[in-house]
Every structure is written in structure tokens, then in C-alpha cells.
Amino acid sequence: MAEPSAVEQRWLQAARDFARRALPARQGPGGPEPPPLEAVLRCLRSAGGGDLPLSYSFISISDLQHQQCTPCCSHLTWSTNEFKEWAHQGQGALPMQSALPRTYLILVGYLTDGRQENKEKLVDGSLYVKDSTGIIPCELLHFELEWLESLFLFPSWSYIPQTDQSAAGYVEILVDPVPVNLPKEVPDSIPVTYLASAEPLLTSRIPCKKRSKLTVAGELARLGPLLCIHHKTFFFLFLKYLTSAVWVPVLVQKPNQLAWHHILQLGHRYTITGLSMSSLKKSRQRMFVTGVSSCLLPYCAEQVREQPLDSAWQGESTQSSSIETAEQLSDSLELGVEEERPGSTKESKIISYVGTVTKILNVQAGLFLLDNKVCLCLAYQQLLNSARGLRPGACVELIDVHLLQKPLVSFPFIVLGACLSSTVVLKNFSRLSTPYQPPASSGNLYLQLLFRYNLGMPLYLWLVSLLETFEERFSCFFGRRRLLLSSIHRNPGAAEKFLVPLLQAVVPDREEARDIYNEILGKIHQCPLQKYLTLNPPCQAPSLSAVCRVAEEKSWEGFSPSQLLSPLEAQHMGTQELNRRLAWSYCTLSAGSFQPRLILLGVLRVSSRSSSLQLQDKSSTLPCVISHKDGSPFAHTALIGSLLQVESYQLVVERFLQTDFPSWEQLANLEHMREKKTSVYVQFYFEDVRVLHAAEGQIQKGLRSGKSFSLRKKDDGSVTSELETPEAKMLKLEDPKPDTHRDENCQKGQSSTRRTSCVSCLFLVTQKEGLMLRNYQLPSKEDGGQELQRSFQATVLWLGRPRLWSHSRESGNLPELEETSCDGEEGMTQQEALLLFMGKSLRWFPFLHLGGLYRFIVPHCSDLEVFDKLCFPPVPAKFLSKSSCPLCLPVQDTWHLQHETWISSLTEHQLAARSVLRGVDQRISSIPEVLSNSFTGSLVSFSGEIVERTLCASPKNEKPSVTLGLQKQKGRLLASDHSVKLSISVAPGSPVVVDIYIAATYLQHLWGLLPGAKIFFQNLERKISRFHNVYCTYIASSCVTIVSLPASHLPFPSSPAGEASSPSLVFLSNVQPHLQHLPQARILCHLSCVLTLSLQWVCSLCSSIFKEGRCTRQSPPCPSHTGVRQANARVLVEDGTGEALVLCRNQHVAAMLGLSLLEWEALQKCVQSRGRVSIQHGEATGTGCVEEPEDLIACYLRSLCRSPLICRPILLDFSLDRKPSKILQPAPLQLRNFRCGEVEFVSQVRPWRSLLCLNVEEVEQEALSYLNNQRIRRTSSHCRVGATA
Ligand SMILES: [Zn+2]
Ligand SMILES: [Zn+2]
């Protein structure tokens, strides 16, 4: 042999180094084996035709795992062309994927099934390649038992690293390995095999005590998947007797036999020795079980003589033949959506299929896409073989899998489900550079829930879709692992908390646990995949961006502007009013408004930019309003950062429309809708919230103590009880690595926060003002002080001195208050301060409420003077009289606010402190107090329910100039010259109503102002109108708190409120001046006469008279072509107790005159050419109308009004006309004459009360007598009351 070249010498040196490191001499059975390098080199030479592969280098297992980060392959003997050809063929199914890149590495190692490794490692049927540097799982398409523990050279292999860099990948062995040493001595005499004697089989109904070992030979008819139950791994195989159709099941369960699973090939013949008989307790199914000494041998006809089995076995052949009906998938696909009978249970077909993996749909869930058209589900086979080899590009053969068409409405693929009697064989490795995604090594929630609830395919696919979305939305907040943690770690993760109740609702308890033995062995095949019903998912939890999109779509679905207006009103509206009434509307959606029912999930956040609460996920945010059912405001600062689930909520879509409808007649013409905008938010009660994952921020320990958080306690309780359900019968999944890390970390984190000190100080909020732009000049930034800053402020009372505070302290303890009660009232330091919230601290706006006791926590601080040092006087010291003016304290961004309790819920022994603080809630008034004439004070706070919400033109003199900046920040939704009128009543149906005007600019951050909602208004400005009516306006220091949400069963939300019940019947004499805010009442009265009546057409733009299709305005000429009809009348009514003047408008005029709709239409048409017709009763004065005696219509109307038919009893719904000031002004009593029979009386009467007509009803004779009776009874009781008074 020639002297090796320098190159070769260097190569040999490297080889020797490698061998020393990775392949030291091993102790063989007969003394130490020779160092393997020489043998390896011999092997390489023979493979390379005598030459050493100098362009290749050795790689140890450890280097492969740690240095190779991308998939690669190595082919020791291949030419470049051979490789190209191979790679090209592999791209057939997925031409877009690149082939595995070629490396020039020599892999040498021992094949093992892991049994000699450290004890902890489970021998689970996997095979490995190892050298002394490491061990790596491998997959082979062909394997021989005698290869185990032998040293091999692998001429052709691929290495597939795991996508997650932290763990190792695996090796795909493409070509049979070459043994480095001479093949082991194969025992040339197969051990004597004993025939399966018939006797024990026949008597096997009684468990045979005589442990006779049997040998069974046959053709492998079926190979079950590896299963792991109660930490025991096993599999079943079925041998078919050669002379009969009988299949016998063999349970292979010894760890060192699990590697058989890699050898066994369907259709091949085998002999298995050392078997014993066993039968299942429940079903009495009999099977062979391998023993420690059992061997798997190739079948050799000479050595085995077969004996017929007993008839019991014969019977089982039926099962096998029924399953054998293999069918071509293509045929089934052609059938397509053949029998789509909704609601009928479908039977899945059992088929066989060969296909190429084209996509991994979800490796955790065991879902793979084959040939871009069918989904393979391996979940029911439990272990998924760690999904090794199942990369895109790999070819699999499926035998006896279930074909399910459309198991889930929303699932796009046909599904092939492999159950425990299906066989999945990897036919070819992928030649593509596709990554390996291993299923979670521990706690695969998909599979755990599948087995715990024994889900069928439709429910499983639904579960997968829910879980996938959940993971996608929230793993960026909490991390995947924590989210998907399963209950085997005692502490179920958020995903499990979310899914378990949903599954419990759809899977009835009586559903049997999966009987895996019956599924594998049963005479008649039974498995969860056999029958299925196309599932319409019962609920959904889509991303927040999808929620908003769908809600917006729904809010415009079937929308037409005419819905927002009653046609009777709309036809009399001018352009401006009409379009204003359309400008703002809303609709509310509940979970059930969506199909399927929509569950809201989100992380509770608070935005310092908008100062609002929001739910958040990866896709979007959704502003939210949270209230308590008991009316207390929401202040749970501890909930920030928690993952919430809400199923009972009101999703509110506010619609903003820019329209230019000339009049109501064009409402159908949608061209006049110029712009549509929406804003979506959600409101719900705290009590309807489920916390799926509590925030564990530094300060959030309040949650852990659970003292102030009963909700979570309850929640946990239900979860624990659910864990305690007996799971003995259920198939438990293996969890090789219990996840203990996390808990340790958690505790570590806790103890470390325990050590950090903070300073805290307790305070009581005595006043809170709204968000606005203020020009604070902070002492620290004197130069930039001119800029307006968005801010809010609150007046607070410090309770006690600041103190060092550690998180381990029990929450709910308020030592500051305890001290006070000991020391007496004098000991309490009572100091007022004005807190300024700007910048990031604006996030506390939704949490800070009047009457709340809060604590500021200054983290990482031990300076007890910290608050004092930051305080500064609000005005320069020289103007300051110190006693009256509280110090300003700008709240720092890093401070944390923690809500402790409410002043109203302080305990007995804290009452001493409470008495110190008395007077805080005296500033809250009631609506009658606010309305009363004796009320003094300009700022008012009160609560009440919104009766009606209307958009109106802003009063010209109240332009909110300060807030213009706010308006710029957000997209303008309402025109700034608009304002909103809220009519607020004390309680639903209560007659006392006060109006609040809020300029549009303030509305941008006011959520939840909807009819039916109960609101607490603070610091509104009380005003008195020209007509001496009291109303309130929302000013810069005002603020609102939602006390309760509107009832969800509201009528059509856009329709005007107040039609709930018919108003109460009253007497005119009872209509007292102090009831001026009465919204509505009803009288039975007699129409005495019509004083004035006027019908006109007015221009929709300028309200001038509109005549013959033109506006009559001359200077400047008006371009309008649209006229609106209007009518009004004043009539006099009396009910025996008094008289009143009733103002009627539009359609009420027709009702008052007793005209039918047709007559009224005709009459108005006649007015169209005249522009205006009006008449007045002879006695009326001062109305300014001029009669036109020659006009026919005027004549008709005059005679109508004078006709005795008009003077009739009517039921009149009215409200007091608030405009005429006469009501409030004491008018002199008038003297009037009354005649009763012969006698004439002179009596003092009050001036006419002025009423606004709301509705006129004719009274039938019967109703009249009934009502009169009622009146008489009430009059008499009224008189009695009057007499006693
Ligand atoms: Zn099945
Ligand atoms: Zn006009």
C-alpha cells in the first residue's frame, strides 16, 4: 500500500481524534473488543471502492445536535447527479419547498432502543443512534432486531433539528446501515418451538393457572400503535393463522420487546414464542401476552407445525373480514357531499390510503394535511410517535382509517381518522428541507382533553380550532407554556379553564369513557370515529378584531334611516332636524346575537392614552365598561393584566351617520348617506367575569390572598371539584417530565418581591373631576409649562402617615384606620391633597371613584417623605392662604394604585375613622333636590336613569373651546356643534326628570350613556332656563360613572324611549306646578273649543313658507325644493276639575279634529298650493293670525272647528308645556261665572294650564262609562283626603 498522502494523513489524524472521543473500545461479551476505528475505516474503504472518503469528515452525535441548526442530509457514496436526481424526485408533491441540502459528514454509531441508558429514560419503543458523546432518536424504514447494540456506519441519512433550538432533533436513516464489525453469530438453530396446543385455549374461559408457554405463528395482519397507559407502554399485533382466516391478538408489553414495533411488517410471517393466554376482565376477550422470554422470529415452515384452534377463535374472523373492505379514497372523494342530510348521524367508511404529507396543520393536535386535500388525524392513536418522520414531503400509508366527510361545518377538509385499530406506516422519508415540530413532551392539552372527554371527531376539531385561536391570541401575553398548562400540574392553565366548561356542556356525563381494549380487540369494531354528526359549533371565541368587524357589519345589517324615526314625526321635520336625528344611533348585541354564540375573551388593560378600560388580545383592543350588580363602581386595580372571559355582555355599536336628506320622503334613497362610522365597545358586570388567568404582577398580590376577591375563590373551587372527578377509567396520557420548573420559579419570584420594600399611603377620594386639558406648571418642568396637558384631578384625604409596606402583608388590613380608632379622632392626620394625574398615571382614571379608600404604592422606595417632597402649592405661595388650599401632588408614572375598600363598607371597629370622614357623601343630591327652587349651589352630583338620549344643536353661547385639543386627538365622530340631551329620571317610570346637556366634544370618552343605564353624574353645572326650567350641563370638571347597565331586553334601542306603559290618569286640578317635570300623564276630558288652527308647508332648509313647490324666501333667494308640512293647534279642554290649553302639533292636530288619515292627507295636499291656511276662534286674541274668509279650505276648517261634533270626550296624553313661563309665575286668580241649573256661581279659577299634546284617543261609550265610574270613586277618595288634610 502506498504511503498515505499528506491530505490523507491529516484526515486519518482527524479520524483517530474522532474515534478517541466518540468511539472508545467497548467491553464485549468475551473481553474488550478491538478499538473500532480500524473496522470503521475498513467499512469506509469497501463502501468507497477502496478509497477513503477524504472529502467527508466524521461527526459525533453531540456535534450534530449542537452545531447543525438546519436540516441536512449526507450520502456517502453518491455522485452529485445521483443526489440531484434524488432531491428532484422528492419535490414532486411540494415544488415550492427546497430539497434537503447535502453535507459531507460521516455518521457512525450504535443502534439502541434505549434500554441501556439511564433508568429515568423511558424505553418507549423509540430507536436511537448513540456514541459516547451523546444519543439521538432515529427513524428507520427497515429494522432488524439483531442490529441493536451494534456499531454501524450510516451511508445515507438526514438530520432534522427541532425548530425549537433548545431541544435536539432526530436522524432519518435513509439506507440500511452497514455493520462495522462482522455480523453477529446468528443462531443457526431456531429454538425448538412448541405448537399452540388446543387444550389451554379451549379452557381459557377460566384463567389458566398452569402457566404453559405457547408459540404462535402467522402472518402479520394488523399492527396497532404504541400506547402508553399508566406509565406502561405496549402495543397489539394480530397474527393471521396461515390455514384459516382467524386473527389472534398478541399484546407486546415488555420494554425490551417494544423495538419489535419497528421490525414488524404487514403481510410478513412471524413466529412468537413464550406467550401466555390472558383475557380481559370486562369483555372476556382473549389474547396472547408476551412474557420476558418471548422471542420474535421469522416464520420457518419446517420448524412449526400448526394445530387448529378452537371454535371460539374461529368466530372472531368475522371482525377481520368486515374491516378489510379497503376502498380507494378517490372513489369516496368523487361521492363528495352525497347524502348531506342535516342532523342525521353518518357512518364513517373504513378505507386505506397512501399519500404525501403536504402540511403540518397542528402537530400538537396530531393533524396533518395529505396531498393538499385530506386531513390526517392521528390524535386518537395517542402517542403520534413524536411525529418523527411526518414532515411535509414524507409518504405515509394508512390502513383501515375512518373517512369522515365534513365533521365540522367550518373545517375545510375531509378527515381521515386513525383509531386504535388503524395502522399508519411511514413509507418514505421526506427529501425536503422541512422542519420538525415535535409535539409537547409534557401536557399536550389537545390530547388530554380528547381522552378525558372521549370526544368524537367533530368536537375534537372544534376544540382544536378554539385552542388554536386561544393560543394565537394570548400566548404573547402569558407565554404558550403557561397558557396551555394542563391540570395534571395541579394548577390548570387558562386554556383548560376556558375549555373544560365548554366541553362539559356539550359532552353529556353519561358518555362512556373510551374502552381502548374493546376498540382494539372487539369482535365488532367500536371506536369514537365510527359515527359522527356534522357539528355546528355551539360557541366561538374569535379574535377581538374579528369581533369588532362582525359587530360593525351586524350593526349596519338591514339598517335603514327610516328605522330611527317614526314616520309620523319625520314627515314634519326640516332638513336640519331630520339629519341630526339620524346622526347618532346605536345598537347592542349580546352573545346570542352571533351565530354561533360569541364568548368574549381578553386581557384587561387600561389605556393611559384614552383613560379607558379595554380588553386586549394580539389582534386588537376593545374598550369596555365594567359595573357591579350592586351599583358600586368598578375599582379592581388587581384585575389589570388578567385574562377575562365574559359570556354575558352588551356589545354596543355606536353608529355615526353623515346624511343630507332633504326631507323624510328621500329616506329610502341611500345616496344621501354620505359617511358611516362606528365605534364599538362592550359593557358587562364584574359578577359575570371569569378570570382565566390572574395577573401576577409585582403588586398584584391582592389576588393571591383572595380576601378581596371572592370571585376567584369560587372559580378555583369549581375547578378543583372538577379535578376530583374519578378519572380511573379514563385513558391517561403519559407525562414523562412533570413540569415542576414553573412553580419553583413562581415561588422564587414571590419571595424576591417579598424582600423589596415600598412606601404606601392610604387615602380617601372626596372629589373626582373629569378628564380635560389643563395647564399645570409643574415645578420640575418650568420651561415647558405652557403646554396644555390632558389630565384629571381628585381631591383626597390622607389617612395616616406613609409607611413602609411589604407585599406579604394581608390585604384588607387597614392599619392606618386601626391606629386611628385607638388614638381617638385626634390621632388621625387629616390632610387634604389635590392629586394630579397626567401622562401614564391617567390609567387610574377608570378605577378612582368618590368614597373609595385607595393606597398609593411607591415601589422600590423606602423614603417615607416621598409624597411630601413632591407636593407643591397650586398657586404661588404669596397668594396662598394655607389653610384652605390643599397641596398639589403630581402622581408619578411608577406609582401603583390599589383599591382597598369603600368608606361605606368599613367595619365596626373602623367606624371611629369613619366618623372622622363623615360628610364625604353629603355632597350627593337627589334629582328632586336639584330641581327644587330652593336648591342653592351651582355644581351638583346625583344619580339617575337615562330615559332618553337625543342629539340636539349646541346652544350657541356654550362653545367648549378648551377641549378642542381632545377633539383633534380622535377621529371626529360627531359634529362639534352638536350636543346631547340626556333626560334623567330618578327611577324607571318616575315622573321626575332632569335634562343634562353634554357637548359633543366631551362625548368622545364617555362610554355607556345609553337609555336604561343608571349613571352617577358628578360636578354638573346646574342652570335655570329662560322659562325657569332647571337643567344641567356637563362641564370640564364633570365626570360620570356607570352604576348599572341597561336591561338587555330593551325594545328596539334606537326608538324613542317612554312607551313602556300608559301614563297614569290624573285630574287637571291635580296637575300641580311642582310637577312641572312630569314627563307624561293622561286625562279624560272634554274638548271645549279649538282656539287656533294653522296648517302650512314650510321650507325644509329655512322654514319660510313653501308654496307651489318653491320656497318663498326672497332675499337671499332660497334654493330649496323641499317643503315639509306642519300643523299646529291650540284647543281648550276641561275635565270638571279645571280647564287647560292644549298645544297640538302635526298628526295630533288631525286626531284632535277627528280626521282620518285620508282626510288629513287630502287636506294637507290642498294646503300645498296655498302655503298656509290658518283660522282662529272668535274669542282668541293675540295669536296674530289673519283669517282669509274667501278661502274654501279656511271655510271648511272653520265650520269643522265650530261643529258640535268636535266637542267630544277624549283621552288625552300630555306633558306640561315647559316653555311658557306662566306656570311658575304666580298668576292672579280669575273670577268666572258658572251656571248650574237655575243657580249662577261666581268662582275663582286659576289661569289655564298649558299642556303639550302627546296623544289623543277617542273614547268609546263603554269605556267612557267605566272611566267615569273610576273617576267618581277617585274623586270621592280625593275629597276625603282633601277634607282630612
Ligand atoms: Zn375505528
Ligand atoms: Zn327656504
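**Exercise 1. Determine whether C1111 is buried or exposed, and describe the metal site to which this residue belongs.**

*Solution.* C1111 has a relative accessibility of 7%, and therefore counts as buried, since the limit for that class is under 20%. The model in which this value was computed is a predicted one.

Next, consider the metal. C1111 (SG) coordinates the zinc ion (ligand 2) together with C1099 (SG), C1102 (SG) and C1118 (SG), at 2.2 to 2.4 Å. Along the sequence, these donor residues follow the spacing C-x2-C-x8-C-x6-C.

The geometry comes next. The angles among the four donor atoms of the zinc ion (ligand 2) run from 96 to 122°, and the site is tetrahedral. For four tetrahedral donors the ideal angle is 109.5 degrees.

Finally, return to accessibility. C1102, another donor of the zinc ion (ligand 2), has a relative accessible area of 23% and is therefore partly exposed.

**Exercise 2. Identify the donors of the zinc ion (ligand 1), and explain which parts of the chain C419 and H525 tie together.**

*Solution.* The donors of the zinc ion (ligand 1) are H402 (NE2), C419 (SG), H525 (NE2) and C527 (SG), at 1.9 to 2.2 Å. Their spacing in sequence is H-x16-C-x105-H-x1-C.

Locate the two residues. C419 belongs to the loop between β24 (414-417) and β25 (423-428), while H525 belongs to the loop between α14 (516-521) and β26 (531-532); the pair therefore ties together parts 106 residues apart in sequence.

Then examine the angles. The four donor atoms around the zinc ion (ligand 1) subtend 96 to 120°, so the arrangement is tetrahedral.

As a last step, assess accessibility. C419 has a relative accessibility of 1% and so counts as buried; H525, at 9%, is likewise buried.

**Exercise 3. State how many disulfides the structure holds, and explain why C1089 and C1207 are not bonded.**

*Solution.* The structure holds zero disulfides. For C1089, the closest cysteine sulfur is that of C1207, at 7.1 Å, which is too far for a bond; a disulfide requires the two sulfur atoms to be within 2.5 Å. C1089 itself has a relative accessible area of 14% and is therefore buried.

**Exercise 4. Describe the largest nonpolar core, and relate F867 to P802.**

*Solution.* The largest nonpolar core has 62 residues, and F867 is one of those with the most contacts inside it, as are L600, Y649, L651, F763, F837 and F856. Apart from this core lies another, of 52 residues, including Y453, Y460, Y532 and L535.

Now list the partners of F867. Beyond its neighbours within four places in sequence, F867 is in contact with V759, S760, C761, W798, P802, F856, V858, L889 and W895.

Turn to P802. This residue is in strand β39 (residues 789-805), and its relative accessibility of 11% means that P802 counts as buried. With neighbours within four places left aside, P802 is in contact with V759, S760, C761, L864 and F867. The C-alpha atoms of P802 and D868 are 9.7 Å apart, although 66 residues separate the two along the chain.

**Exercise 5. Characterise the surroundings of N362.**

*Solution.* N362 is part of strand β20 (residues 349-362). Its relative accessible area is 8%, so N362 is buried. Excluding neighbours within four places in sequence, N362 is in contact with L367, Y446, V464 and E468. With E468 there is a polar contact between the two side chains, at 2.9 Å.

Conventions: Residues numbered from 1 in each chain as written. Chains lettered and ligands numbered in written order. Predicted model: local features only at pLDDT ≥ 70, side-chain atom pairs only at ≥ 80, totals over all residues. Heavy atoms only, no water. Donors = N, O, S within 2.8 Å, 3.2 Å for Na, K, Ca; no water. Tetrahedral: all angles 85-135°; square planar, octahedral: opposite > 155°, others 65-115°. Buried < 20%, exposed > 50% of the residue type's maximum accessible area, 1.4 Å probe, protein only. Core = buried A, V, L, I, M, F, W, Y, C linked by side-chain atoms within 4.5 Å. Contact = heavy atoms within 4.5 Å. Helix = DSSP H or I, 4+ residues; strand = E, 2+ residues; numbered from the N terminus. Polar contact = N/O pair within 3.5 Å; in protein donor to acceptor, adjacent residues only side chain to side chain.
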